[in-house]
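Thanks for making time this morning. I would like to walk you through one structure, going from the parts of a single chain to the way the copies meet, and then to a few individual residues.

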There are 4 protein chains.
Amino acid sequence: MKRIAVYTSGGDAPGMNACIRAVVRGAIYHGVEVFGIRHGYNGMINGEIIPMNSHSVSNTIQKGGTVLKSARSKAFMTPEGRKKAFEQLQSHGIEGLVAIGGDGTFTGAMIFHNEYGIPTVGAPGTIDNDLFGTDYTIGFDTAVNTALNAIDKIRDTADSHDRVFFIEVMGRDSGYIAIQSGIGGGAELVMVPETATSIEDVIDILNQGWKRFKTSSIVVVAEGEELGGAQTISDMVKGQLPEMDIRVTTLGHIQRGGAPSAFDRILASRLGLGALEGLLNGEKNVMAGIINDQLVYTSFYDTINKVKPINPDLIKMVNILSV
Amino acid sequence: MKRIAVYTSGGDAPGMNACIRAVVRGAIYHGVEVFGIRHGYNGMINGEIIPMNSHSVSNTIQKGGTVLKSARSKAFMTPEGRKKAFEQLQSHGIEGLVAIGGDGTFTGAMIFHNEYGIPTVGAPGTIDNDLFGTDYTIGFDTAVNTALNAIDKIRDTADSHDRVFFIEVMGRDSGYIAIQSGIGGGAELVMVPETATSIEDVIDILNQGWKRFKTSSIVVVAEGEELGGAQTISDMVKGQLPEMDIRVTTLGHIQRGGAPSAFDRILASRLGLGALEGLLNGEKNVMAGIINDQLVYTSFYDTINKVKPINPDLIKMVNILSV
Amino acid sequence: MKRIAVYTSGGDAPGMNACIRAVVRGAIYHGVEVFGIRHGYNGMINGEIIPMNSHSVSNTIQKGGTVLKSARSKAFMTPEGRKKAFEQLQSHGIEGLVAIGGDGTFTGAMIFHNEYGIPTVGAPGTIDNDLFGTDYTIGFDTAVNTALNAIDKIRDTADSHDRVFFIEVMGRDSGYIAIQSGIGGGAELVMVPETATSIEDVIDILNQGWKRFKTSSIVVVAEGEELGGAQTISDMVKGQLPEMDIRVTTLGHIQRGGAPSAFDRILASRLGLGALEGLLNGEKNVMAGIINDQLVYTSFYDTINKVKPINPDLIKMVNILSV
Amino acid sequence: MKRIAVYTSGGDAPGMNACIRAVVRGAIYHGVEVFGIRHGYNGMINGEIIPMNSHSVSNTIQKGGTVLKSARSKAFMTPEGRKKAFEQLQSHGIEGLVAIGGDGTFTGAMIFHNEYGIPTVGAPGTIDNDLFGTDYTIGFDTAVNTALNAIDKIRDTADSHDRVFFIEVMGRDSGYIAIQSGIGGGAELVMVPETATSIEDVIDILNQGWKRFKTSSIVVVAEGEELGGAQTISDMVKGQLPEMDIRVTTLGHIQRGGAPSAFDRILASRLGLGALEGLLNGEKNVMAGIINDQLVYTSFYDTINKVKPINPDLIKMVNILSV
């Protein structure tokens with residue numbers, strides 16, 4: 001393999017630039033030419049394919065977002081779109097791809113490979129951490145710390161005013177960010193899609209805290225929680241806890257950005273290099289991951305279809321630590 | 001004056017603890033006994049009045065919120081409430097008060113003084129910066145930096161996806177946080193209650209940016225903007241800018257908390273000491289402020305009734321800097 | 001076991017408070033009385049042993065340092081000192097101990113157990129991460145992020161002035177902080193005690209960067225590096241690289257403090273709870289650790305005497321990523 | 001004036017990029033062509049003069065350092081060097097200059113103007129804040145906050161171990177950073193070049209704290225303190241305070257870098273625009289400054305030769321607040 005390309009797709013995540021950098025410098029180290037595709041699959045179709053060298057990624061490891069930009073591509077979901085993409089890659093002499101992204105990114109890559117046979121290796125880049133085949137995804141640790149810093153700030157106000165706060169964090173299908181930021185933030189309760197919590201439970205836990213003279217409480221809610229978001233749940237409990245001053249805040253998009261944490265920069269560097277070296281060694285249709293500190297490759301199919309459960313110890317721990 | 005008390009009231013603001021600390025240590029330095037009243041006027045009524053010494057405020061200068069806690073008191077709005085408060089102060093031998101808070105706090109203090117004659121000097125503690133009689137209020141600089149850090153993070157995502165973001169910051173009656181965080185964040189447009197912006201203006205400015213190949217834009221909206229909040233405004237423009245990917249985020253309560261900035265710690269220390277020394281020197285019914293780096297005292301009446309305008313140079317500057 | 005005590009000893013590390021909190025609340029959850037011993041072994045000897053309840057650890061999870069304070073105790077190294085410590089524990093009815101600290105802490109605990117038979121379980125609290133029996137120690141992730149943020153800041157100046165910076169980070173016997181902050185900071189070279197680097201290598205690598213038009217370079221040096229600290233090494237190379245503007249900075253004590261990261265708060269909570277539950281289940285003379293996301297107990301003897309090597313992939317990666 | 005250029009010179013300071021951006025976009029707004037000179041006076045001599053447009057400064061407002069790079073130029077101190085610089089400017093058609101820097105930068109600009117008559121307006125960019133003609137310089141607020149965050153972290157360790165820390169901050173001729181970070185960090189003592197402190201005073205203050213059961217103390221020392229740096233002073237007192245555990249740390253280069261604070265971004269934007277508009281309005285040989293929130297121009301001569309004293313209230317306040 002003499003020439004490869006790298007792209008980012010789907011939602012941006014802190015550490016994607018560290019991953020791009022590792023792919024680019026790894027390729028140079030191994031004597032392979034490397035191109036960057038801008039705007040994900042859209043750029044692949046439109047030919048936004050540019051040569052990269054060591055300087056292209058200088059001073060990017062500390063930056064949030066993705067210097068290659070990202071996009072969600074409707075065109076790539078059509079056979080015509082993928083045909084154009086293939087022609088663009090051919091005309092640039094690209095023989096292999098490194099795809100940085102999540103579920104949707106890898107689904108596209110798998111279909112594309114089946115049709116045109118271009119080998120692709122993925123690197124897991126999503127703040128949600130809900131990808132099977134790796135203990136952690138790029139951006140998760142930074143997103144948790146961003147959520148945690150926000151919870152720390154809100155705790156100042158909750159304590160000063162003896163309030164209860166419902167705080168909604170990201171995680172449409174997964175409670176990873178909620179559980180980690182909740183434990184880290186000393187939350188009294190964490191509500192995640194993976195486990196059922198009834199409104200009665202919420203009221204009970206808040207009442208128990210009150211009886212133990214806790215004058216402020218934090219409930220962290222994953223956006224994908226079955227009962228609804230933080231606002232909905234707070235509306236349900238307010239009537240039954242009239243003596244409590246209850247507030248709601250939704251952290252929103254700040255969770256996606258910011259300079260990546262040390263953990264994410266190192267993880268992203270390892271996964272970028274791992275994806276690249278896998279590609280050069282003949283891997284295809286797989287995602288590079290790190291499980292128990294070892295580099296592993298998992299088929300796109302499993303990555304997309306299998307579920308990575310939350311460690312049940314963590315869910316149990318919230319309960320113990322808020323006594 | 002041999003014994004005084006200090007309290008915080010209204011919304012909490014970063015730096016209130018630095019201000020309490022300056023009052024307490026200043027009192028000790030000047031040989032005056034000092035008490036803390038917890039939960040603002042509610043605690044004054046209920047007798048939550050505790051002696052404080054140098055250690056009471058050790059290791060608090062860096063903390064957000066208020067260690068004396070704050071509350072909004074309905075009881076203090078009644079003559080009966082204020083009578084009880086006065087009796088509590090008398091029974092504790094309190095001869096003067098330092099009140100840390102905003103408009104509502106000082107209105108209460110003014111009425112209370114008119115009825116019972118206890119001298120009170122205020123220190124301006126509110127993130128909104130909308131108090132006449134001081135260039136800056138305690139907590140404002142920290143809130144602006146918190147909003148700015150959030151905007152920096154959102155800019156990462158806006159750039160990565162070529163998006164337009166409407167970001168709502170705090171400021172019900174005032175655009176101070178919006179204008180400063182907007183300039184600092186490199187916003188294309190800042191919408192504040194103090195000036196009228198039409199929906200046509202918003203659309204024009206976003207279109208102009210697009211024509212100059214700006215691929216992302218940030219609009220900062222103060223919550224008190226006349227056209228409505230960020231969500232409302234975004235809904236109005238979306239239909240007319242169909243090619244743009246427009247998102248909305250509301251920063252919310254994170255703007256109130258967090259470790260105070262250096263600016264706020266120093267300002268709060270100066271104002272706390274200034275309020276205390278004013279009280280000891282016979283001032284009453286006034287708020288301590290700093291104007292042009294000089295300590296000044298402004299009557300509660302003026303503080304509450306006069307308006308401090310935003311520097312028009314700042315509003316003009318947003319326009320110039322986003323060309 | 002009806003009554004236990006917890007203490008911190010040796011150098012403080014961010015996350016120790018989260019660990020204390022988990023021990024205290026875990027004990028309450030399991031119906032066991034819990035005391036805190038202040039100032040480590042010194043306080044054990046002097047009887048600084050205080051009852052703790054749920055409120056004792058409220059609002060501490062986000063704090064750096066240790067609320068129980070720490071100390072290095074010469075008295076505990078003597079038989080007389082340990083005899084007094086035992087008598088104090090007896091008089092307070094303490095039946096088991098949780099010790100949070102590092103090598104020295106566990107050595108003391110092991111000797112003490114051999115003499116007096118009080119069961120002790122350890123939790124690894126040290127920023128250096130050099131303890132056998134756990135993948136990560138409490139405080140390491142925070143220290144790495146602190147070092148990384150400092151490197152990011154210094155990179156701004158290095159780039160602005162086309163300079164080479166030698167940055168010394170903590171790690172007397174171990175290069176963990178150096179290797180992680182170096183990779184995260186995009187360092188051109190990382191020098192650690194675990195591998196030999198010659199002065200010729202240093203000069204070669206800096207010269208190669210120069211030839212590829214890198215105008216600034218960062219070399220991260222662990223304080224325990226065999227060739228000497230950052231200042232010594234920089235002095236050795238300066239004469240041979242006269243065209244380079246070389247500077248030195250030593251990060252120092254800032255690496256020990258600060259609010260713990262999410263990773264450290266969760267790790268500390270798990271290890272505190274793990275140590276406590278081990279103690280209640282009959283473990284003794286062991287340290288709780290987490291290896292491959294599983295709670296494990298390793299004998300103090302092995303913890304103290306075995307060496308945990310740095311992942312060689314990380315050392316190799318620095319070289320690849322700086323091409 | 002149809003074409004101007006901007007450059008940064010001397011030590012880098014956070015906010016310089018925000019200032020460059022304001023000059024560039026201000027020039028575009030006013031219909032003037034704008035060039036950037038890289039590497040300060042060296043680049044002026046070597047012809048590193050590049051056209052800039054609105055995109056040249058996109059996404060730079062939040063970056064530390066200077067995108068135009070800086071340097072100290074020996075060549076510009078010679079008549080030959082300045083002759084070459086003038087020829088380069090002429091050949092590029094540059095009719096006026098905005099110089100961002102400090103004392104040395106403006107001295108060079110003044111001499112250059114006297115010889116060749118090219119009008120130059122300065123903007124004060126230095127973390128030291130020791131320039132006459134402006135209340136604050138670009139970078140000062142960020143440097144103070146960086147120092148303060150470091151002091152907060154060190155306080156965690158000081159408290160955990162009952163230690164005294166001597167912390168050295170930047171400021172060769174001026175105690176601005178020391179006094180502000182010292183007040184903000186709750187230091188027991190601040191030692192600055194502007195006032196004399198004897199070793200006996202240091203010992204007295206530490207002893208007094210000890211008697212009041214302060215178990216930890218922070219002394220902030222400006223690097224230009226007459227008695228010597230933090231290490232020297234600590235060595236002098238150690239012998240006389242044998243019961244105290246005294247440590248020293250020097251914050252070093254981290255104080256120069258990092259994302260600028262809100263205050264610095266706004267100040268830099270105002271000063272950049274102010275310098276540009278002054279230049280276009282016929283000002284020359286002056287520095288733009290902001291005094292009492294008003295834009296003012298002060299001659300380079302006064303800026304260089306007059307001294308801006310520290311507010312004596314601040315020095316007195318340290319003493320009061322550490323009782």
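In chain A, the C-alpha centres of domain 1 and domain 2 lie 35 Å apart, and I should say at once that this comes from a predicted model. The domain assignment of chain A places residues 3-139 together with 260-305 in domain 1, and residues 141-256 in domain 2. Where these two domains of chain A meet, 15 residues of domain 1 are in contact with twelve residues of domain 2. On the domain 1 side of that meeting, the residues are six nonpolar, five polar and four charged.

Let me turn to how the chains pair, beginning with chains C and A. Their contact takes 36 residues from chain C and 37 residues from chain A. On the side of chain C that touches chain A, helices H1 (16-29), H5 (140-161), H6 (176-184), H9 (262-280) and H11 (312-321) of chain C each supply at least two residues, and the largest share, seven residues, comes from H9(C). By class, that side of chain C divides into 15 nonpolar, 13 polar and eight charged residues.

How are the two copies, chain C and chain A, related in space? A turn of 180°, with a shift of 0.0 Å along the axis, lays chain C on chain A with an RMSD of 0.0 Å, and that is the relation of a two-fold axis. The C-alpha of chain C nearest the axis belongs to C:Asn292, at 2.4 Å from it. Since 100% of the interface residues of chain C are also interface residues in chain A, the copies meet through the same surface.

The other pair to look at is chain D with chain B, where the contact takes 37 residues from chain D and 36 residues from chain B. Helices H1 (16-29), H5 (140-161), H6 (176-184), H9 (262-280) and H11 (312-321) of chain D each give at least two residues to the side of chain D that touches chain B, with H9(D) providing the largest share, seven residues. The class division on that side of chain D is 15 nonpolar, 13 polar and nine charged. Here too a turn of 180° and a shift of 0.0 Å along the axis lay chain D on chain B, with an RMSD of 0.0 Å. D:Asn292 comes closest to the rotation axis of the residues of chain D, its C-alpha being 2.4 Å away, and 97% of the contact residues of chain D recur in chain B, the same surface serving both copies.

Two other pairs of chains do not touch. Chain B and chain C have their nearest C-alpha atoms 10 Å apart, and for chain A and chain D the nearest C-alpha atoms are also 10 Å apart.

I would like to stay for a moment with H9(D). This helix has 19 residues and reaches 27 Å from its first C-alpha to its last, close to the 27 Å expected at 1.5 Å a residue. It is mostly covered, with 17 of its 19 residues buried, and just after H9(D) comes D:Gly282, which takes a positive phi of about 100°.

That brings me to the interior. In soluble globular proteins, nonpolar side chains tend to be buried together. The largest nonpolar core in this model has 372 residues, and those with the most contacts inside it are A:Val98, B:Val98, C:Val98 and D:Val98. Leaving aside residues up to four places away in sequence, A:Val98 touches A:Ile4, A:Val6, A:Val23, A:Val121, A:Ala123, A:Ala275, A:Leu276 and A:Leu279.

In chain D, D:Ile100 lies in strand S4 (residues 96-101), and D:Ile100 is buried, with 32 other C-beta atoms within 10 Å. Among the residues that D:Ile100 touches are D:Val6, D:Met16, D:Ile20 and D:Ala123.

Finally, two backbone details deserve a closer look on the screen. Most residues other than glycine have a negative phi. A:His39, however, has a positive phi of about 60°; A:His39 sits in the loop between strand S2 (33-37) and helix H2 (40-46) of chain A, and with 22 C-beta neighbours inside 10 Å it counts as buried. C:Asp162 likewise has a positive phi, of about 55°, and lies in the loop between H5 and strand S6 (163-169) of chain C. Is C:Asp162 buried or exposed? With 17 other C-beta atoms within 10 Å, C:Asp162 is partly exposed.

Definitions and conventions
Residues are numbered from 1 along each chain as its sequence is written. Chains are lettered from A and ligands numbered from 1 in the order in which they are written. This is a predicted model: local features need pLDDT of at least 70, side-chain atom pairs count only at pLDDT 80 or more; totals for chains, interfaces and linings use all residues. Two residues are in contact if their C-beta atoms, placed from the backbone, lie within 7 Å. Helices (H or I, at least four residues) and strands (E, at least two) are DSSP runs, numbered from the N terminus. Ala, Val, Leu, Ile, Met, Phe, Trp, Tyr, Cys and Pro count as nonpolar, Asp, Glu, Lys and Arg as charged, and the others, Gly among them, as polar. A nonpolar core is a set of buried Ala, Val, Leu, Ile, Met, Phe, Trp, Tyr and Cys residues joined through C-beta atoms within 7 Å. A residue is buried if 20 or more other C-beta atoms lie within 10 Å of its own, exposed if 12 or fewer, and partly exposed in between; C-beta atoms are placed from the backbone. The expected span of a helix is 1.5 Å times one less than its number of residues. Copies are superposed by least squares on the C-alpha atoms of residues with pLDDT of at least 70 in both. Domain bounds come from an automatic or database domain assignment.
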